[in-house]
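Dear colleague,

Please find below the structure for your review. My notes on the findings follow it.

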Number of protein chains: 2
Amino acid sequence: MKKAEATRLTILQKAFELIYVKGYQTTSIDDIIATTKVTKGAFYYHFKTKDEMGLAIINEILKPTLTNSFIEPLQTEENPLDAIYNLMDNLLMKNDFLKVEYGCPASNFTQEMTPWNSEFNKALNELTQEWTKAITATIERGKKSGTIRKDVNAKQVTIFVMSGYWGIRNLGKLENSKKVYVSYLKQLKIYLDSLK
Amino acid sequence: MKKAEATRLTILQKAFELIYVKGYQTTSIDDIIATTKVTKGAFYYHFKTKDEMGLAIINEILKPTLTNSFIEPLQTEENPLDAIYNLMDNLLMKNDFLKVEYGCPASNFTQEMTPWNSEFNKALNELTQEWTKAITATIERGKKSGTIRKDVNAKQVTIFVMSGYWGIRNLGKLENSKKVYVSYLKQLKIYLDSLK
DNA sequence: TCTTAAAAATACCATTCGGTATGTTTTTTG
DNA sequence: CAAAAAACATACCGAATGGTATTTTTAAGA
């Protein structure tokens with residue numbers, strides 16, 4: 001029972017890439033089995049429905065990525081404000097899996113699925129909550145260490161920063177250029193400095 | 001030639017509502033003709049393809065709405081920073097067409113269509129450009145009148161503010177609650193105040 | 001090694017999709 | 001009013017959709 005899990009993982013990874021590029025609804029099972037070269041029988045052996053696969057993508061692909069790329073960097077950097085800024089800078093400018101023309105996978109998923117599939121909604125909410133917690137904790141850390149003012153509302157700032165990130169990803173998609181990222185990052189820095 | 005245009009408008013309006021709620025791809029022609037009680041023959045008399053209708057929605061429904069709800073309020077309010085804040089407050093908290101659970105129609109459209117349909121992309125880009133110009137002009141106005149610091153980069157601030165709006169709309173969808181709007185608006189005010 | 005269950009392949013299905021062909025009914029206009 | 005064009009109605013089409021039933025192959029454990 002090793003090759004089977006490999007097959008399953010291949011499906012999840014390739015499907016994720018397709019969905020990231022094309023969207024969930026417009027990525028058909030036939031698309032997926034064509035690019036993975038896995039037959040329909042194999043696909044439906046591993047997943048009861050398309051939505052079960054979608055959920056598996058969120059939990060088994062997106063979640064680990066979130067931890068590695070969105071949360072860990074916050075914890076390794078010592079200065080909290082630098083941590084947040086550098087995270088965004090890395091995600092937007094340096095990460096070479098996330099493409100400007102395709103936006104942020106989690107954000108795309110949310111926009112597409114959230115009003116209609118409550119299971120997706122729940123899974124995506126958990127994802128976002130984790131990121132929220134991590135950013136909030138980073139800010140609280142800064143308040144304790146004195147690098148951030150004590151009157152700063154950590155949760156509010158987190159929401160503000162997160163919304164900026166999601167929004168600029170969407171704007172980047174529209175303009176298909178990282179130029180807007182640069183503008184965003186400059187103002188983000190100014191905003192973050194105002195929390196000192 | 002009057003009833004015909006009414007039919008056309010009905011299709012556009014009802015289709016827009018459906019798309020706002022369900023998304024473009026998942027709203028079928030059959031959905032549209034069912035809710036409008038217009039036959040397929042009538043539909044295809046007015047629009048060659050579904051995409052032609054989609055474009056018409058952007059240009060004939062979204063664009064006027066943008067002007068009325070997103071741009072004009074900026075020009076009537078005298079204080080520029082108040083204008084921007086009040087605009088966002090109205091859009092997020094008071095506007096009763098835009099629902100928190102469905103997000104922002106323009107943002108939804110962009111997220112869904114922009115990498116795949118260049119015509120949609122172009123139309124949506126024009127839309128966004130108009131809003132960008134209006135906000136930028138408002139900030140420049142503030143710089144001239146002295147209510148905004150001269151060293152403020154108007155274009156950058158515009159991008160930052162817009163991305164926040166789009167992002168918080170998406171976050172609102174996810175949480176299905178205006179609570180996040182309140183947090184966002186508080187931090188927006190703080191950010192805008194820092195431009196004085 | 002042989003059995004048995006897991007894993008994968010094949011062929012098919014009902015439904016829905018966007019779109020068309022061909023009418024019929026209204027309006028407009030000369 | 002009559003003719004012609006505009007506006008709408010009906011029936012249908014091929015392709016694609018998510019999913020299933022059934023068979024075949026592969027691999028694990030006794």
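How much area do chain B and chain A bury between them, and what percentage of it is on carbon and sulfur atoms? In this predicted model, the two chains bury about 3,700 Å², with 64% of that area on carbon and sulfur atoms. Gln111(B), Leu174(B) and Gln187(B) supply 20% of the area that chain B buries against chain A, more than any other three residues.

Each chain, A and B, gives 40 residues to the contact. The rule finds zero salt bridges across this interface, whereas 20 residue pairs are in polar contact there. On the side of chain B that touches chain A, two or more residues come from each of the helices H1 (3-22), H6 (105-113), H7 (118-145), H8 (154-175) and H9 (179-193). H8(B) provides the largest share, 15 residues. By class, that side of chain B comprises 17 nonpolar, 18 polar and five charged residues.

I turn next to the DNA. Of the 20 residues around DNA strand D, those that come nearest are Ile29(A), Lys40(A), Thr7(B), Tyr45(B) and His46(B). The side chain of Lys40(A) places an N or O atom 2.9 Å from a base oxygen of strand D. Two phosphate contacts also involve chain A: a polar backbone atom of Lys50(A) is 3.0 Å from a phosphate oxygen, and a polar side-chain atom of Ser28(A) lies 3.5 Å from a phosphate oxygen. Of the strand D atoms within 4 Å of the protein, 67% belong to sugar or phosphate and the rest to bases. The largest share of the surface near strand D, five residues, comes from H3(B).

Yours sincerely

How values were computed
Residues numbered from 1 in each chain as written. Chains lettered and ligands numbered in written order. Predicted model: local features only at pLDDT ≥ 70, side-chain atom pairs only at ≥ 80, totals over all residues. Heavy atoms only, no water. Contact = heavy atoms within 4.5 Å. Buried area = accessible area lost by both parts, 1.4 Å probe. Salt bridge = Lys/Arg side-chain N within 4 Å of Asp/Glu carboxyl O. Polar contact = N/O pair within 3.5 Å; in protein donor to acceptor, adjacent residues only side chain to side chain. Helix = DSSP H or I, 4+ residues; strand = E, 2+ residues; numbered from the N terminus. Nonpolar A, V, L, I, M, F, W, Y, C, P; charged D, E, K, R; others polar. Near = heavy atom within 4 Å.
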